[in-house]
Amino acid sequence: ILSLASGAIIALISIPIYYIWFSFDSTAINFWVHQNISGVMVLGIPIEDLFWFFATGMFISPLYEFWKGEKLEKIVT
């Protein structure tokens, strides 16, 4: 559950970052949409990018706990 929540939070945080980025360079999205990805947009953001941020957030949460040794201690003790 923590991993899913972390993925959702990271995906939600990425939305305003994209709007700020596109306000400075509105042509940046054209390269990706037309040449390398499906072109499906959610709130004006490529869906592949939102999926990537969600998956990265899901991975970072358990990785951070492992790095801190929290999961390892729970399993060992």
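This note sets out, point by point, what may be read from the predicted model of the protein.

1. Confidence. The model is predicted, and its mean pLDDT is 78, with 78% of the residues at 70 or more. Confidence is highest in helix 1, at a mean of 87. It is lowest in helix 4 (residues 70-76), where the mean is 56. The reader should keep these two values for helix 1 and helix 4 in mind.

2. Overall arrangement. The protein contains four helices and two strands. Along the sequence these elements follow the pattern α-α-β-β-α-α, with the two strands standing between two pairs of helices.

3. Burial, surface and contacts. The protein has 77 residues, of which 23% count as buried. Its accessible surface comes to about 5800 Å², and carbon and sulfur atoms account for 74% of that area. Among contacts with a separation of 6 or more, 64% join residues that lie 24 or more positions apart.

4. Helix 1. This helix covers residues 2-24 and has 23 residues. From its first C-alpha to its last it reaches 34 Å, close to the 33 Å expected at 1.5 Å a residue. Its buried residues are S3, S6, G7, A11, S14, I15, Y18 and F22.

5. Helix 3. This helix comprises residues 47-68, 22 residues in total. Its span from first to last C-alpha is 32 Å, close to the expected 32 Å at 1.5 Å a residue. Here the buried residues are L50, G57, S61 and E65. The residue G69 follows helix 3 and has a positive phi, near 85 degrees.

6. The nonpolar core. Which residues form the largest nonpolar core? There are five: I15, Y18, F22, I45 and L50. Helix 1 supplies the largest share of this core, namely three residues. Apart from neighbours within four places in sequence, I45 is in contact with I15, Y18, V40 and L50. Three of these contacts of I45, I15, Y18 and L50, are themselves members of the core.

7. The serine S6. Is S6, which is placed in helix 1, buried or exposed? S6 is buried, because its relative accessible area is 18%, and the cut-off for burial is under 20%. The side chain of S6 reaches the backbone oxygen of G57 at 2.8 Å. Leaving aside neighbours within four places in sequence, S6 is in contact with G57 and S61. Both G57 and S61 are among the buried residues of helix 3.

8. The isoleucine I10. This residue also lies in helix 1. I10 is partly exposed, since its relative accessible area is 30%, and the partly exposed class runs between 20% and 50%. Beyond neighbours within four places in sequence, I10 is in contact with F53 and G57. I10 and M58 are 48 residues apart in sequence, yet their C-alpha atoms are 8.7 Å apart in space.

9. The leucine L2. L2 is likewise found in helix 1. How far apart in space are L2 and M58, C-alpha to C-alpha? The distance is 8.1 Å, although 56 residues separate L2 and M58 in sequence. With neighbours within four places in sequence set aside, L2 is in contact with S61 and E65. Both S61 and E65 belong to the buried residues of helix 3.

Definitions and conventions:
Residues are numbered from 1 along each chain as its sequence is written. This is a predicted model: local features need pLDDT of at least 70, side-chain atom pairs count only at pLDDT 80 or more; totals for chains, interfaces and linings use all residues. Side-chain values use heavy atoms; hydrogens and water are left out. Buried means under 20% relative accessible area, exposed over 50%, partly exposed in between (1.4 Å probe, protein chains only). Contact means heavy atoms within 4.5 Å. Accessible areas come from the Shrake-Rupley method with a 1.4 Å probe; for residues, only the protein chains shown count as cover. A nonpolar core is a set of buried Ala, Val, Leu, Ile, Met, Phe, Trp, Tyr and Cys residues joined through side-chain atoms within 4.5 Å. A polar contact is a pair of N or O atoms within 3.5 Å; within protein, one must be able to donate a hydrogen and the other to accept it, and residues adjacent in sequence count only if both atoms are side-chain atoms. The expected span of a helix is 1.5 Å times one less than its number of residues. pLDDT is the predictor's confidence in each residue, from 0 to 100.
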